[in-house]
Amino acid sequence: MNQPPSSQTQHPQQKYLPGTAALDSISIYEETRQLLLCLGASPRYAGFGYTACAVSLSLKEWPRCPSLTKEIYPRVACYYHVSPCCVDRNIRTLINVLWREDADLLRRAAACPLPEKPSCGAFLAILTERLALSAFSQ
């Protein structure tokens, strides 16, 4: 299993938002992985780890919405030693697989109308909001 680096390198295995008791006890990286597994994603896809990492980084900045291409993708790419284009492509592949396998499950997870397959940004926003809202409602 590909584990994120330690907190010294500012990676998403860090806890949720500091100062939020409901979030401090939960590893966002693991929560993101669990959500992806519930959606039917397989860890054998490179996009699985990239997505978990990207959502974790987004949650760390929540409710601010960091730029995918300028902030999130480069940080994920740096950790995995790939290019930002590779990160984007593999997340798109994961979205394609999830959409092809069970689009209705993805629609239910979005909790809003999804007339077509979501873009990378929309997919990551759906996962980020779902995890953030569920953590705050605890």
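Q: Leaving aside neighbours within four places in sequence, which residues is Arg-130 in contact with?
A: In this predicted model, Arg-130 is in contact with Leu-35, Arg-108 and Ala-109 once those neighbours are set aside. Being in contact here takes heavy atoms within 4.5 Å. Arg-130 itself lies in helix α6, and its C-alpha atom is 9.8 Å from that of Thr-32, 98 residues away along the chain.

Q: Why does Arg-130 count as partly exposed?
A: Its relative accessibility is 40%. Buried would need under 20% and exposed over 50%, so Arg-130 falls in between and gets the middle label.

Q: What makes up the pattern read along the sequence?
A: It goes α-α-α-α-α-α. That fits the tally of six helices and zero strands.

Q: How do you know that Tyr-50 and Tyr-80 form an aromatic pair, and why is it called edge-to-face?
A: Two checks do it. The ring centres are 4.8 Å apart, and the limit for pairing is 6.5 Å, so the two rings pair. The planes meet at 65 degrees, and over 60 counts as edge-to-face, so that is the name it gets.

Q: What makes this a pair that links distant parts of the chain?
A: Tyr-50 sits in helix α3 (residues 46-61) and Tyr-80 in helix α4 (residues 68-80), with the two 30 residues apart.

Q: How do you know whether Tyr-80 is buried or exposed?
A: Look at its relative accessible area, 15%. The cut-off for buried is under 20%, so Tyr-80 is buried. Tyr-50 is buried as well.

Q: Why is the pair of Tyr-79 and Tyr-80 called edge-to-face?
A: The angle between their planes is 80 degrees. With the edge-to-face class starting over 60, the label follows, and the 4.7 Å between centres is within the 6.5 Å needed for a pair, so both conditions hold. The structure holds two aromatic pairs, and ring pairs link Tyr-50, Tyr-79 and Tyr-80 into a cluster.

Q: Which residues have the most contacts inside the largest nonpolar core?
A: They are Leu-36, Val-76, Ile-91 and Phe-123, in a core of 39 residues. Helices α2 (28-38), α3, α4, α5 (84-110) and α6 (120-136) each supply at least two residues of it. Helix α5 gives the most, 11 residues. In soluble globular proteins, nonpolar side chains tend to be buried together. Here, buried residues make up 46% of the 138 residues in the protein.

Q: Leaving aside neighbours within four places in sequence, what is Leu-36 in contact with?
A: Its partners are Ala-41, Phe-48, Thr-51, Ala-52, Leu-94, Phe-123 and Leu-127.

Q: What makes Arg-92 and Asp-88 a salt bridge?
A: The N to O separation of their side chains is 2.9 Å. The cut-off is 4 Å, so the pair qualifies. Both residues lie in helix α5, four residues apart, about one turn of the helix. At 41% relative accessibility, Arg-92 is between the 20% and 50% limits, so it counts as partly exposed.

Q: Why are Arg-107 and Asp-104 separated by about one helical turn?
A: Because they are three residues apart in helix α5. Their side chains meet in a salt bridge at 3.0 Å, N to O. With relative accessible areas of 30% for Arg-107 and 46% for Asp-104, each counts as partly exposed. A search of the whole structure finds two salt bridges.

Q: How many disulfides does the rule give?
A: Zero. The rule asks for a pair of cysteine sulfur atoms within 2.5 Å.

Q: Why does Cys-78 count as exposed?
A: Its relative accessibility is 58%, which is over the 50% cut-off, so the word is exposed. For Cys-112 the value is 39%, so partly exposed is the label.

Q: What is phi of His-81 near?
A: Phi of His-81 is near 60 degrees, a positive value in a residue other than glycine. The residue sits in the loop between α4 and α5. At 71% relative accessible area, over the 50% limit, His-81 is exposed.

Q: Why is Ala-111 called exposed?
A: Its relative accessible area is 69%, and exposed needs over 50%, so it passes. Ala-111 is in the loop between α5 and α6, and its phi is likewise positive, near 60 degrees.

Methods. Residues are numbered from 1 along each chain as its sequence is written. This is a predicted model: local features need pLDDT of at least 70, side-chain atom pairs count only at pLDDT 80 or more; totals for chains, interfaces and linings use all residues. Side-chain values use heavy atoms; hydrogens and water are left out. Rings of Phe, Tyr and Trp (its six-membered ring) pair if their centres lie within 6.5 Å; planes under 30 degrees apart count as stacked, over 60 as edge-to-face and the rest as tilted. Buried means under 20% relative accessible area, exposed over 50%, partly exposed in between (1.4 Å probe, protein chains only). A nonpolar core is a set of buried Ala, Val, Leu, Ile, Met, Phe, Trp, Tyr and Cys residues joined through side-chain atoms within 4.5 Å.
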